[in-house]
Amino acid sequence: MAEASQALAGSHDMDQPPARDRRQLLQVGITLLSSTLGNVLTVLLTGWLVRSLGAEAFGRVAILSSAATALGNVTASGAALYVVRATSVGSTDDTGVATRRALGAAALAGQLCAALFTGAGLLLALGRHEVLGLTEWALVALALHMITADIHAKNCLIGYQKVLALSVATLIGAVLSCLCQFTGAQIGGPQGYLAGFTLGTVLQLLSSRLVMVRVMGRTPPLGLRARWAGIREPAFLRFVLPATLSASLVPGSHWCANAIAAAKAGQYSDIAVLTVAMQFFNIVIFVPTVLNKIVLPRTIRAYNGHQGMAETRQHALGQAALMFGLSIAAPLLVWIFSGPIQKAYLFSAPEQLWTLYAFCAASAFACAGIPISNYVVSHQKMTFGLLTNVLWAGAYLLLAWMLPGTALAVGLALLIAYVMTLAVAVVPLFSQN
């Protein structure tokens, strides 16, 4: 992956001084280390929560915390990509006003989108929904707005290539979040866990903002009028609307698949299994995802500069093959360590382990799709990206409902959906148009 990113940066990077090479290697190492520690802490905490609270009780509150996480990715997704693109390409003036307006518009758009979901959640709470009461709604709503703002802050650091600062913010936020969840569960059980999760999102945002101000300094805030004017710009709408719809389908579909499994089983214990499976999925894809934080801004600059369409197409296909080859061994590794995994999570049914295998296999195809996504974002082919994600979401949810079983049906549906979508997404890369 590192060699591919150097090739992407263009011929002028081939003569980089050794000091710059070492600095980039240090950035990659620290970024991977911080993300690894964060993932390990989350996995260990989830194992303890399942054993301490019980699968049914944890599944009932996990579906709410996962909803906040999923919706947070929805509200920030398209705007976050716009932030990375705006900061990577650079401002068109000397004062940076254009870039500041783009960042302000993206932040406001994310919070407005989060407010829409907050209102929908309030209607469910007032309707005395089985899971979502007023207390739960308040916690989830606050977490949603905090996650949205946190993603925006982190993507500002990504776009400006403040990679080491991003690593520090990510690690500090992960540690504080896990401590809050652990303490909340110890004191208040399932409800305490949900409160700790919400407090953790607040601390994550504070960590990101403090680090961002520390390394980038304070900038004069834009007023609401300027931010609203930025949202209404055609370039913003053409990019953000399809990007938001496209990216929102992924976390939204995962949450809906969890709800389908719970509805089919008539209980919430399968949500605990799917939560663990999704964490294994995230473990497999986190290396390509983390490295992509470094690669994507350079990809955008290179694709918008000296590299032609044929060259960028060939590069995207090469990286997709590389990512797939590095991650396809994940199901085998889970099978080798199946004994300790069963003991850690108290898995007893064979279906639970097969769910992990399916999610890990699906993650290999998801890794292969990351370079294709970079190609789409860099060339602003956002409508094509939206169509492929609609295909993925439709296949995923339809199969999750139709296939027999609950958690395993979701895992198999996820695997099939990724295989189908990757096959469709790769075809246009061989086209001459």
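# Exercises on a predicted model

A nonpolar surface patch of about 560 Å² is formed by Leu332, Leu333, Trp335, Ile336 and Phe337. The structure is a predicted model, in which local features need pLDDT of at least 70 and side-chain atom pairs count only at pLDDT 80 or more, while totals for chains, interfaces and linings use all residues. Residues are numbered from 1 along each chain as its sequence is written, and side-chain values use heavy atoms, with hydrogens and water left out.

**Exercise 1.** Place Trp335 in its helix and state whether Trp335 is buried or exposed.

*Solution.*
Step 1. Trp335 belongs to helix H11, residues 330-336. Helices here are DSSP runs of H or I with at least four residues, numbered from the N terminus.
Step 2. The relative accessible area of Trp335 is 54%, so Trp335 is exposed. Buried means under 20% relative accessible area, exposed means over 50%, and partly exposed lies in between (1.4 Å probe, protein chains only).
Step 3. Trp335 is one of the residues that make the nonpolar patch. Patches take residues with over 30% relative accessible area and no salt bridge, joining nonpolar side chains (Val, Leu, Ile, Met, Phe, Trp, Tyr) within 5 Å and like charges within 9 Å. Accessible areas come from the Shrake-Rupley method with a 1.4 Å probe.

**Exercise 2.** Describe the largest pocket by its volume and its lining.

*Solution.*
Step 1. The largest pocket holds about 720 Å³ of space. On a 1 Å grid over the protein atoms alone, a pocket is an open set of points where a 1.4 Å probe fits, with protein on both sides within 12 Å along at least five of seven lines; lining residues have an atom within 4 Å of a point. The volume is the space filled by probe spheres set on the points, which are joined across faces, edges and corners.
Step 2. The lining has 30 residues, of which His152, Arg209, Met212, Thr219 and Arg227 are the closest to the pocket centre.
Step 3. Helices H3 (55-89), H4 (97-126), H5 (134-159) and H6 (163-216) each give two or more residues to this lining. The largest share, 8 residues, comes from H4.
Step 4. By class, 17 lining residues are nonpolar, 9 are polar and 4 are charged. Ala, Val, Leu, Ile, Met, Phe, Trp, Tyr, Cys and Pro count as nonpolar, Asp, Glu, Lys and Arg as charged, and the others, Gly among them, as polar.

**Exercise 3.** Identify the 2 salt bridges of the structure and describe the setting of each.

*Solution.*
Step 1. A salt bridge is a side-chain nitrogen of Lys or Arg within 4 Å of a carboxyl oxygen of Asp or Glu. Side chains of opposite charge can pair when their charged atoms come close.
Step 2. Glu56 and Arg60 form a salt bridge at 3.9 Å, N to O. These residues are 4 apart in helix H3, so about one helical turn separates Glu56 from Arg60. Glu56 is partly exposed at 31% relative accessibility, and Arg60 is partly exposed at 32%.
Step 3. Asp150 pairs with Lys154, with the closest N and O atoms 2.8 Å apart. Asp150 and Lys154 are likewise 4 residues apart in helix H5, about one helical turn. Both Asp150 and Lys154 are buried.

**Exercise 4.** Find the C-alpha separation of Gly230 and Arg101, and that of Phe236 and Ala102.

*Solution.*
Step 1. Gly230 lies in helix H7, residues 224-231, and is buried at 3% relative accessibility. The C-alpha atoms of Gly230 and Arg101 are 6.0 Å apart, with their positions 129 residues apart along the chain.
Step 2. Phe236 lies in helix H8, residues 234-265, and is buried at 2% relative accessible area. Phe236 and Ala102 are 134 residues apart along the chain, and their C-alpha atoms are separated by 7.9 Å.
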